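Q: I am new to this structure and would like a close look at one part of it, with the surroundings explained as you go. Please pick a good place to start and lead me through it step by step.

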Amino acid sequence: MSPWRMTRWERGHLPPDSDPIEPASGAGGPQRRHEALVSVRLGPAAPGSHLVEYLRHEPCAVDAWWIAADVDAVVRLSAPSVTMLHRAVADLRLRAGVEVVEANYILRALDLSVPAEPRREVPAWAVSAA
């Protein structure tokens with residue numbers, strides 16, 4: 001089946017009457033999750049309650065925030081594959097009735113635990129002459 005025609009169950013959310021199965025992880029480690037932050041603008045016929053109700057039933061939706069900016073909300077999506085993540089963004093456009101303004105795909109987290117190297121003195125020749 002084409003990944004663009006996948007149902008919610010095929011994207012990893014199990015039907016209500018099935019037994020839970022542990023997700024397969026590669027090489028004994030945790031499964032890699034692909035994530036995106038999607039900025040959305042509500043359409044003229046799409047109330048905010050419609051978006052909230054859609055996100056409650058979307059298995060890839062992890063978090064969402066109302067934003068006071070050019071966009072109305074930011075949604076964090078997470079999926080086990082890039083294909084499923086793209087499908088979740090497309091579903092947000094088609095089924096939630098919103099305009100996806102921007103989709104930012106997260107590559108990796110920044111390591112903020114290690115302090116940066118202390119700044120060294122700048123040589124005199126590197127200082128601006130102005």
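A: One definition will help before we begin: the direction of a helix or strand is a line fitted to its C-alpha atoms, and angles run from 0 to 180 degrees between N-to-C directions. Please also keep in mind that this is a predicted model.

Let's take strand 1 as our part, with L37 as the residue to follow. To place the strand, here is the chain as a whole. It has two helices and four strands, and along the sequence they come in the pattern β-α-β-β-α-β. Of the 130 residues in the chain, 24% are buried. Among contacts between residues at least 6 apart in sequence, 65% join residues at least 24 apart, and we will meet a pair like that shortly.

Strand 1 covers residues 34–42, and L37 lies in it. The four strands form an open sheet in the order 2-3-1-4, with antiparallel pairing. Strand 2 (61–66) and strand 4 (98–106) stand at the edges; each has a single partner strand, so one side of each has no neighbour in the sheet. On average, neighbouring strands are turned by 20° against each other, direction ignored. In that order, strand 1 stands between strand 3 and strand 4.

Now to the strand 4 side. Strands 1 and 4 run antiparallel and are joined by eight bridges. As for what holds such pairs together, strands of a sheet pair through backbone hydrogen bonds. One place to look is V38, which stands opposite A103 in strand 4. L37 shows how the sequence comes back on itself here: its C-alpha atom and that of N104 are separated by 5.1 Å, although the two residues are 67 apart along the chain.

The side chains add a link of their own. E99 and R41 meet in a salt bridge, at 3.4 Å from N to O. This pair links distant parts of the chain, since E99 is in strand 4 and R41 is in strand 1, 58 residues apart. Both partners count as partly exposed, E99 because its relative accessibility is 42% and R41 because its value is 28%.

What does L37 touch? Leaving aside neighbours within four places in sequence, L37 is in contact with W65, V74, V75, R76, E102, A103, N104 and I106. Its relative accessibility is 31%, which means that L37 counts as partly exposed, the range between buried (under 20%) and exposed (over 50%). Together with W65, I67 and I106, L37 makes a nonpolar surface patch of about 310 Å². For scale, the chain exposes about 9,700 Å², and carbon and sulfur atoms supply 57% of that.

One of those contacts, R76, leads us towards the other edge of the sheet. R76 forms a salt bridge with D63, whose closest N and O atoms are 2.8 Å apart. R76 lies in strand 3 and D63 in strand 2, so the pair ties together parts 13 residues apart in sequence. R76 is partly exposed at 23% relative accessibility, and D63 is partly exposed at 32%. The two do not stand alone: E35, D63 and R76 are linked in a network of salt bridges.

The helices complete the surroundings. Helix 1 (residues 48–57) lies across strands 1, 2, 3 (73–79) and 4, and runs at about 160° to strand 2. Helix 2 (residues 82–95) packs on the sheet as well, touching strands 1, 3 and 4, with its direction at about 160° to that of strand 4. Strand 1 is thus listed among the strands for both helix 1 and helix 2.

Helix 1 has a salt bridge of its own, where the side chains of R56 and E53 meet at 3.5 Å, N to O. They are three residues apart in helix 1, which means that about one helical turn separates them. R56 counts as exposed at 63% relative accessibility, whereas E53 is partly exposed at 36%. In total, the structure holds six salt bridges, including the E99 and R41 pair that joins strand 4 to strand 1.

Methods
Residues numbered from 1 in each chain as written. Predicted model: local features only at pLDDT ≥ 70, side-chain atom pairs only at ≥ 80, totals over all residues. Heavy atoms only, no water. Patch = residues over 30% accessible without salt bridge, like charges linked within 9 Å, V, L, I, M, F, W, Y side chains within 5 Å. Areas by Shrake-Rupley, 256 points an atom, 1.4 Å probe, with all protein chains shown as cover. Salt bridge = Lys/Arg side-chain N within 4 Å of Asp/Glu carboxyl O. Buried < 20%, exposed > 50% of the residue type's maximum accessible area, 1.4 Å probe, protein only. Pairing = 2+ DSSP bridges. Contact = heavy atoms within 4.5 Å.
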